[in-house]
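Please work through the exercises below with the sequence and the model side by side, attempting each task before reading its solution.

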Protein chains: 2
Amino acid sequence: MNIGAAAKASGLPVKTVRYYDEIDLVSPNRNGNGYRAYSADDVHKLRFLQRARRLGFTIVECRHLLSLYEDKSRASAEVRALAVTRIAEIDARIEELQSLRDSLTTLVSTCRGDDRPDCPILDDLAGGGACHEGARDS
Amino acid sequence: MNIGAAAKASGLPVKTVRYYDEIDLVSPNRNGNGYRAYSADDVHKLRFLQRARRLGFTIVECRHLLSLYEDKSRASAEVRALAVTRIAEIDARIEELQSLRDSLTTLVSTCRGDDRPDCPILDDLAGGGACHEGARDS
DNA sequence: ATAAAGGGTCCGGCTACTGGAAGGTCAAGC
DNA sequence: GCTTGACCTTCCAGTAGCCGGACCCTTTAT
């Protein structure tokens, strides 16, 4: 199976599949002409990677998951731990974004948004609003 | 004011301040010895950037905000529009993360997470779980 | 005089790819 | 046999926003 077909079967772009070979994530054999020859197992791994990436796992985590997947005797606890960690990271990121959103929303609500030049958003960015910190050097 | 002091006053790392010079975001004059000489206005801009970046504006947006800030006659509507766009982006990102979180949570809840090898998380990644999509090529 | 602290440039690396150029290979059609 | 076009190869550069480090110079304090 050439790279084009493998890409199609796994739902990944050709460039990405080639990249995964380059970083030794899925490295197929080569044909006589130098073409990558993807086995059914390779394609299976690519599909695995596509799903894991879509779930937000990093490449490093994917590598880990893949090795866990290959290791038929590993404990499911290890995989679960990885997933739980991911969830915690996602939660943290969501909270961070919520906080950003709140700040921006507050700013926007104070800005008339008309054609006049005074804008509380810029004022806040410039001065930091309530907290006016020092730096009184000239 | 040398770069170190400017960095401290703006709350940015020295490397970042130098980078902002490199990309012509805040480019101070130079002293006779080649050192960057930050004016009060430069530092003001750096602080502006620090806040805007913390709010998640990209460098391109920051450049835009900065030029709006410098332009005393611009309409506040333009700034407001930028902020509103940012909020929409944040909302989209939050939703995306929520959906990821949901998927992972579902997977984790089905996994015992003990020392036995069978793991629904990996099974799902491998096979796609409920939705078994085609790719019936051998 | 010397040593530490702080400046300067330049290069490489990080994530996870993506786009493009230059060239080899293969199957089909004429 | 020859051409065309799709497909494959490698390599290089770029994306965002810096960070770390090498190597060298200047300033300041002792």
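The exercises that follow treat chain layout, helix packing, the nonpolar core and a few single residues.

This is a predicted model, in which local features need pLDDT of at least 70 and side-chain atom pairs count only at pLDDT 80 or more, while totals for chains, interfaces and linings use all residues. Residues are numbered from 1 along each chain as its sequence is written, chains are lettered from A and ligands numbered from 1 in the order in which they are written, and side-chain values use heavy atoms, with hydrogens and water left out.

**Exercise 1. Describe the layout of chain A.**

Begin with the elements, where helices (H or I, at least four residues) and strands (E, at least two) are DSSP runs numbered from the N terminus. Chain A has six helices and two strands, and from the N terminus on their order is α-α-β-β-α-α-α-α.

Next consider burial, which is scored by relative accessible area: buried means under 20%, exposed over 50%, and partly exposed in between (1.4 Å probe, protein chains only). Of the 138 residues in chain A, 41% are buried.

Finally, take contacts, meaning heavy atoms within 4.5 Å. Among the contacts in chain A with a separation of 6 or more, 41% join residues 24 or more positions apart.

**Exercise 2. Determine how α4(A) packs against α3(A), α5(A) and α6(B).**

The geometry rests on axes, which are lines fitted to C-alpha atoms, for helices over the stretch in contact, with angles that run from 0 to 180 degrees between N-to-C directions. Angles under 35 degrees count as roughly parallel, over 145 as roughly antiparallel, 65 to 115 as roughly perpendicular and the rest as oblique. A crossing is left-handed if the near helix is turned anticlockwise from the far one by less than a right angle, and right-handed if clockwise. For residue classes, Ala, Val, Leu, Ile, Met, Phe, Trp, Tyr, Cys and Pro count as nonpolar, Asp, Glu, Lys and Arg as charged, and the others, Gly among them, as polar.

Step one concerns α3 (residues 40–54) and α4 (residues 59–70) of chain A, whose axes lie 10 Å apart at an angle of about 135 degrees. The two helices are therefore oblique to each other, and α3(A) passes α4(A) in a right-handed crossing. Residues making this contact include His44(A), Phe48(A) and Ala52(A) from α3(A), and Ile59(A), Cys62(A) and Tyr69(A) from α4(A). By class, the contact has eight nonpolar, one polar and three charged residues.

Step two turns to α5 (residues 76–110) of chain A, which packs with α4(A) at about 160 degrees, the axes being 10 Å apart. These helices are therefore roughly antiparallel, and their crossing is left-handed. Here Glu61(A), His64(A), Leu65(A) and Leu68(A) of α4(A) meet Glu78(A), Val79(A), Leu82(A), Arg86(A) and Glu89(A) of α5(A), a contact that divides into four nonpolar, one polar and four charged residues.

Step three crosses to chain B, where the axes of α4(A) and α6(B) come within 11 Å and cross at roughly 100 degrees. That makes α4(A) roughly perpendicular to α6(B). Leu65(A), Leu68(A) and Tyr69(A) meet Leu122(B), Leu125(B) and Ala126(B), and the contact has six nonpolar, no polar and no charged residues.

**Exercise 3. Which residues have the most contacts inside the largest nonpolar core?**

A nonpolar core is a set of buried Ala, Val, Leu, Ile, Met, Phe, Trp, Tyr and Cys residues joined through side-chain atoms within 4.5 Å. The largest one has 78 residues, and those with the most contacts inside it are Leu46(A), Leu65(A), Ile121(A), Leu122(A), Leu46(B), Leu65(B) and Leu122(B). Taking Leu46(B) and leaving out residues up to four places away in sequence, its contacts include Ala6(B), Val17(B), Tyr20(B) and Tyr38(B).

**Exercise 4. Place three aspartates of chain B and classify their exposure.**

Asp42(B) is found in helix α3 (residues 40–54) of chain B and is buried, with a relative accessible area of 10%. Beyond its neighbours up to four places away in sequence, Asp42(B) touches Val26(B), Pro28(B) and Ala37(B).

Asp118(B) lies in the loop between α5 (76–110) and α6 (120–127) of chain B, and at 43% relative accessible area Asp118(B) is partly exposed. Leaving aside neighbours within four places in sequence, Asp118(B) is in contact with Arg74(A), Ser76(A) and Arg112(B).

Asp24(B) lies in the loop between α2 (14–22) and β1 (29–30) of chain B and counts as exposed at 58% relative accessibility. Phi of Asp24(B) is near 60 degrees, a positive value in a residue other than glycine.
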